[in-house]
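Please open the model in your viewer and keep the selection tool at hand. The tour moves from stop to stop, saying at each one what to select and what is there.

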Amino acid sequence: MDSLFISDLHLCEQRPATTRALLRFLATRTRGGDALYILGDLFDAWLGDEDDSPLARTVLDALGERSRAGVQVFLMPGNRDVLLGERFARRAGASLLPDPCCRQVGDRRVLLAHGDALCSADLGYQRYRRWIRRPATRRLLLALPLALRRRIAAALRRHSREHTPMKPAPLLDVVPATVEEALIEYGVDLLIHGHTHRPAQHAHRNGSRLVLGDWDGAEARYVCWSAGSEPLLHAFPIAP
Ligand code: MN
């Protein structure tokens, strides 16, 4: 029985190879009894659970099929798909996870996060994050017509594409002190997150941190944690 952790697939109609890779991952890497944790940014953009695009249906069908086969699917919204909600999770046979949250895996407790909240040096981004995650903002956005939400999302992506390359590199990574505070706050010595697209294992003063990779390049990096062993980063080819 394995626990598998993936994030930052950024699924979109323009990159069908990534969707095919997810379907292959689900078919070849997950078995009944496994737990699959999707730690944010499954979609490149998600504008509300009423989205019934072919991409959304493909992903719902595939996750639903694995869930019926006995895979426990957990879904944490990221910054790109912060509007993923209960309706999508229910249709996917998944349980929504808050960001961050603690889970028991075997005899250990692990802190799971998307990772954007840990990039605490980027004050402008953290202001935006607090705003977009307010229940009132969410209600307001979800009350807008879907077409208008699409236009807002496109503008936000444009803004991010134009401004991210100009940000100093340290703003785009997690702040070690913030990681260490989170480990203390939750009383754990292991954190798994994504978001930064810098897959690696890091040692901290009070624990360790595994960073998942994105699915935008030639291979994805995910974590497999088998019962009785240590969690490890593995590669998964995007194009077979
Ligand atoms: Mn992200």
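The stops below cover a metal site, two sheets, some salt bridges and a surface patch.

This is a predicted model, in which local features need pLDDT of at least 70 and side-chain atom pairs count only at pLDDT 80 or more, while totals for chains, interfaces and linings use all residues. Residues are numbered from 1 along each chain as its sequence is written, and side-chain values use heavy atoms, with hydrogens and water left out.

**The metal site.** Select the manganese ion together with Asp41, Asn79, His114 and His195, which coordinate it through OD, OD1, NE2 and ND1 respectively, at 2.1 to 2.2 Å. Donors here are N, O and S atoms within 2.8 Å of the metal (3.2 Å for Na, K and Ca), and because water is not among the atoms, sites may look incomplete. Along the chain the donors follow the spacing D-x37-N-x34-H-x80-H. Asn79, in the loop between β3 (72-76) and α3 (86-92), and His114, in the loop between β6 (108-113) and α4 (123-132), link distant parts of the chain, 35 residues apart; helices (H or I, at least four residues) and strands (E, at least two) are DSSP runs, numbered from the N terminus. His114 is buried at a relative accessible area of 0%, where buried means under 20%, exposed over 50% and partly exposed in between (1.4 Å probe, protein chains only).

**The five-stranded sheet.** Next, select β5 to β9, which form an open sheet in the order β5-β6-β7-β9-β8 with mixed pairing; two strands pair if DSSP finds at least two bridges between them. β5 (101-105) and β8 (200-204) stand at the edges with a single partner strand each, so one side of each has no neighbour in the sheet. Within the sheet, β6 and β7 (residues 190-193) run parallel and are joined by three bridges, and Leu111 stands opposite Leu191 in β7. At the other pairing to inspect, β8 and β9 (residues 207-211) are antiparallel over five bridges, with His202 partnered by Arg209 in β9, and a hairpin of two residues joins the two strands.

**The six-stranded sheet.** Now select the strands of the second open sheet, ordered β4-β3-β2-β1-β10-β11, whose pairing is also mixed. Its edges are β4 (94-96) and β11 (232-237). In the interior, β1 (residues 2-6) and β10 (residues 219-226) pair in the antiparallel sense over four bridges, and the bridge partner of Phe5 is Val223 in β10.

**Salt bridges.** Show Arg129 and Asp99, whose side chains meet in a salt bridge at 3.2 Å, N to O; the term requires a side-chain nitrogen of Lys or Arg within 4 Å of a carboxyl oxygen of Asp or Glu. Arg129 lies in helix α4 and Asp99 in the loop between β4 and β5, so the pair ties together parts that are 30 residues apart in sequence. Arg129 is buried at 12%, and Asp99 is buried at 18%. Add Asp116 and Arg133 to the selection, and you have the one network into which salt bridges with shared partners join these four residues, Asp99 and Arg129 included.

For another pair, go to Asp34 and Arg31, where the closest N and O atoms are 3.9 Å apart. Asp34 is buried at 1% relative accessibility, whereas Arg31 is partly exposed at 48%.

**Last stop.** Finally, select Leu148 in helix α6 (residues 146-163), which counts as partly exposed at 32% relative accessibility.
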